[in-house]
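User: Please take a close look at one strand of this model and at what surrounds it. I would like one connected account rather than a list.

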Amino acid sequence: MDINNIKSSGSFDMGHVSYLIIDDRYLSSASISSIYADKITWDFNRLIVHPKMRGKGYASLLIGKVVEFCKHHKLLLRCGISPYGGLDFQQLKNFYIRHGFQETEYEDFVVLNFSDTAVFDITN
Ligand SMILES: CC(C)(COP(=O)(O)OP(=O)(O)OC[C@H]1O[C@@H](n2cnc3c(N)ncnc32)[C@H](O)[C@@H]1OP(=O)(O)O)[C@@H](O)C(=O)NCCC(=O)NCCS
């Protein structure tokens, strides 16, 4: 898989970005959305790799693009860990942490923080 074959839709100004890999008709994607009008705090909506395409490094490629975007725009990205296939909770948590996310006071939430101003708060 060539990293240049990852497509994207949306933009910072739109407050929503998706990264997509289409391989042999099977879609895998990662999408994030801004939560507040300031567009500094974002939420990781979904990371999903098609079951037929798992274990090939696609999730790593997709998260690499998400991390790059968040770093470029100096965002805080909050991410709930809710596994439903492929990797279990601890494997997913380790995966996010290897990609720069930090643990929070909430066991099943991690954050990627490049912002000086945003505050992590899952109650909003
Ligand atoms: C979780 C999911 C996205 C992983 O997709 P994938 O393309 O198979 O994952 P990758 O091949 O890119 O591997 C991801 C990481 O897990 C690691 N990994 C893969 N298999 C592993 C295993 N059996 N044990 C431990 N780590 C493993 C890889 O080394 C990689 O780590 P790295 O990026 O630090 O190198 C996929 O299984 C899925 O779509 N699951 C259902 C949806 C889901 O649960 N999404 C997460 C919601 S929070």
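Analyst: In this predicted model, β4 and β5 pair in the parallel sense, over three bridges. One of the pairings puts Trp 42 opposite Leu 77, its bridge partner in β5. On its other side β5 meets β7: strand β5 covers residues 76-80 and strand β7 residues 109-113, and five bridges join the two in an antiparallel arrangement. Cys 79 has Val 110 as its bridge partner in β7, and Gly 80 has Phe 109.

These pairings belong to an open sheet of seven strands with mixed pairing, in the order β1-β2-β3-β4-β5-β7-β6. The edges are formed by β1 (7-11) and β6 (102-103), each of which pairs on one side only. As background, strands of a sheet pair through backbone hydrogen bonds, either parallel or antiparallel.

How is β5 linked to its parallel partner? β4, α1 and β5 make a β-α-β unit, and this unit is right-handed. The loop between α1 (58-73) and β5 holds Lys 74. Lys 74 is not a glycine, yet its phi is positive, at about 55 degrees. Most residues other than glycine have a negative phi. Lys 74 counts as partly exposed because 13 other C-beta atoms lie within 10 Å, and a residue is exposed at 12 or fewer and buried at 20 or more. Leaving aside neighbours within four places in sequence, Lys 74 is in contact with Phe 114 and Ser 115. The C-alpha atom of Lys 74 is also 9.5 Å from that of Thr 117, although 43 residues along the chain separate the two.

Asp 24 shows a positive phi as well, of about 55 degrees, and it too is not a glycine. Asp 24 sits in the loop between β2 (16-23) and β3 (26-34). With 7 other C-beta atoms within 10 Å, Asp 24 is exposed. Another loop residue on the strand side of the model is Asp 13, found between β1 and β2. Asp 13 is exposed, with 8 other C-beta atoms within 10 Å. Its C-alpha atom is separated by 9.6 Å from that of Ser 34, 21 residues apart along the chain.

Back at β5, is the strand enclosed or open to the outside? Four of its five residues are buried, so β5 is largely enclosed by the rest of the structure. The strand also contributes to the largest nonpolar core, which has 26 residues; Leu 62, Val 66, Leu 77, Cys 79 and Val 111 are the members that touch the most others. The elements that give two or more residues to this core are β2, β3, β4 (41-48), α1, β5 and β7. The largest share comes from α1, with seven residues. In general terms, nonpolar side chains tend to be buried together in soluble globular proteins.

Cys 79 shows how this part of the core is put together. Beyond the four places on either side in sequence, Cys 79 is in contact with Phe 44, Tyr 96, Phe 101, Phe 109, Val 110 and Val 111. Of these, Val 110 is also the bridge partner of Cys 79 in β7.

After β5 the chain goes on to the loop between β5 and α2, where Leu 87 is found. Leu 87 has 16 C-beta neighbours inside 10 Å and therefore counts as partly exposed. Leaving out residues up to four places away in sequence, Leu 87 touches Leu 92 and Phe 95. The C-alpha atoms of Leu 87 and Arg 54 are separated by 9.7 Å, with the two residues 33 apart along the chain.

Arg 54 brings in the ligand. The ligand is surrounded by 21 residues, and the closest are Val 49, Arg 54, Ala 59, Ser 60 and Gly 86. At least two residues of this shell come from each of β4, α1 and α2 (89-98). The largest share, four residues, is supplied by α2. By class, the shell has 11 nonpolar, seven polar and three charged residues. Two of the elements named for the shell, β4 and α1, are also those that make the right-handed unit with β5.

Definitions and conventions
Residues numbered from 1 in each chain as written. Predicted model: local features only at pLDDT ≥ 70, side-chain atom pairs only at ≥ 80, totals over all residues. Pairing = 2+ DSSP bridges. Core = buried A, V, L, I, M, F, W, Y, C linked by C-beta atoms within 7 Å. Contact = placed C-beta atoms within 7 Å. Near = placed C-beta within 6 Å. Nonpolar A, V, L, I, M, F, W, Y, C, P; charged D, E, K, R; others polar. Right-handed = clockwise from strand over helix to strand, strands pointing away.
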